Amino acid sequence: MPPTSTPVPATPTPPPARPEPTAAPESTKPAPALKPAAHVRVGVVEDKANDRWGFRPPVVEVAVGGTVVFVNDGTEEHNFLSLTLEQQFGSSNTPPGGTFSITLRLAGNVRFICDLHPNMEGEIRVR
Ligand SMILES: [Cu+2]
């Protein structure tokens with residue numbers, strides 16, 4: 001007697017699926033140039049409980065020819081004064097809700113302060 005087990009019909013094994021061509025791995029792609037933004041916003045920090053004053057973010061990057069808008073999103077007056085001779089600017093005391101815009105035409109780092117409050121310092125990196 002032949003074995004009673006029913007032979008399983010041989011189904012052709014499909015060839016291993018070829019992986020779809022995928023995009024080149026990240027490492028071989030040219031890194032996208034990180035172009036600084038043309039418009040950057042800088043707000044203020046008023047941490048009165050800890051006597052910490054500052055700008056938010058404290059360091060920003062902006063493209064050459066770009067603009068920075070300082071926004072007094074706090075509750076006190078602030079001003080925005082450049083400490084860098086090559087790119088000078090200075091706002092008057094700006095009330096809460098007020099803004100002050102500048103255009104940065106030269107590459108370089110521009111430090112700025114509010115001279116109404118201690119340690120209110122920031123930096124614009126113009127690239
Ligand atoms: Cu201030």
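Start at Asn-119, which counts as exposed because only a modest set of C-beta atoms surrounds it: 10 neighbours inside 10 Å, where exposed means 12 or fewer. Asn-119 sits in the loop between β7 and β8. Its phi is positive, about 65°, although Asn-119 is not a glycine. Keep in mind that this is a predicted model.

Asp-51 makes a useful companion. Asp-51 also has a positive phi, about 50°, and is not a glycine. This residue lies in the loop between β1 and β2. Asp-51 is exposed, with 9 other C-beta atoms within 10 Å. The hairpin of β1 and β2 has four residues between its strands, and Asp-51 takes its positive phi there.

Now step back to the whole chain. The protein chain has eight strands and zero helices. Read from the N terminus, the elements run β-β-β-β-β-β-β-β. The chain holds 127 residues, and 20% of them count as buried. Consider the contacts with a separation of 6 or more. Residues 24 or more positions apart account for 58% of these contacts.

The strands form sheets. Strands of a sheet pair through backbone hydrogen bonds, either parallel or antiparallel. One open sheet has four strands in the order β2-β1-β4-β6, with mixed pairing. Its edge strands are β2 and β6 (99–103), and each pairs on one side only. Neighbouring strands of this sheet are turned by 20° against each other on average, direction ignored.

Look at the β1 and β2 pair in detail. The two strands run antiparallel and are joined by five bridges. Gly-43 stands opposite Arg-56 in β2. Asp-47 stands opposite Arg-52 in β2.

Strand β2 also shows two faces. In a regular strand the side chains alternate between the two faces of the sheet. Along β2, Trp-53 and Phe-55 point to one face and are buried. Arg-52, Gly-54 and Arg-56 point to the other face and are not buried. Just past this run comes a backbone feature worth finding. Arg-56 and Pro-57 are joined by a cis peptide bond, with omega about -5°. Pro-57 lies in the loop between β2 and β3.

Another open sheet has four strands in the order β3-β8-β7-β5, again with mixed pairing. Strands β3 and β5 (81–82) stand at the edges. Each has a single partner strand, so one side of each is left without a neighbour in the sheet. Strands β5 and β7 run antiparallel, joined by two bridges.

Follow that edge through Ser-82, which is placed in strand β5. Ser-82 stands opposite Phe-112 in β7. Ser-82 and Phe-112 are 30 residues apart in sequence, yet 4.3 Å apart in space, C-alpha to C-alpha. Set aside neighbours within four places in sequence. Ser-82 is then in contact with Gln-87, Gln-88, Phe-89, Gly-90, Val-110 and Phe-112. With 18 C-beta neighbours inside 10 Å, Ser-82 counts as partly exposed. That label follows because a buried residue needs 20 or more such neighbours, and an exposed one has 12 or fewer.

Finish in the interior. In soluble globular proteins, nonpolar side chains tend to be buried together. Here the largest nonpolar core has 17 residues. Val-62, Val-68, Leu-104 and Ile-124 touch the most other members. Several strands each supply at least two residues of this core: β1 (39–47), β2 (52–56), β3 (59–62), β4 (67–71), β7 (108–113) and β8 (121–126).

Leu-104 is a good residue to centre the view on. Leave aside its neighbours within four places in sequence. Leu-104 is in contact with Val-62, Val-64, Gly-66, Val-68, Gln-87, Val-110, Ile-124 and Val-126. Val-62, Val-68 and Ile-124 are on that list, and with Leu-104 they are the residues that touch the most other core members. Val-110 is a contact of Leu-104, and Val-110 is a contact of Ser-82 as well. Gln-87 likewise appears among the contacts of Leu-104 and among those of Ser-82.

How values were computed
Residues numbered from 1 in each chain as written. Predicted model: local features only at pLDDT ≥ 70, side-chain atom pairs only at ≥ 80, totals over all residues. Core = buried A, V, L, I, M, F, W, Y, C linked by C-beta atoms within 7 Å. Contact = placed C-beta atoms within 7 Å. Pairing = 2+ DSSP bridges. Axes fitted to C-alpha atoms, helices over the stretch in contact; angles between N-to-C directions.
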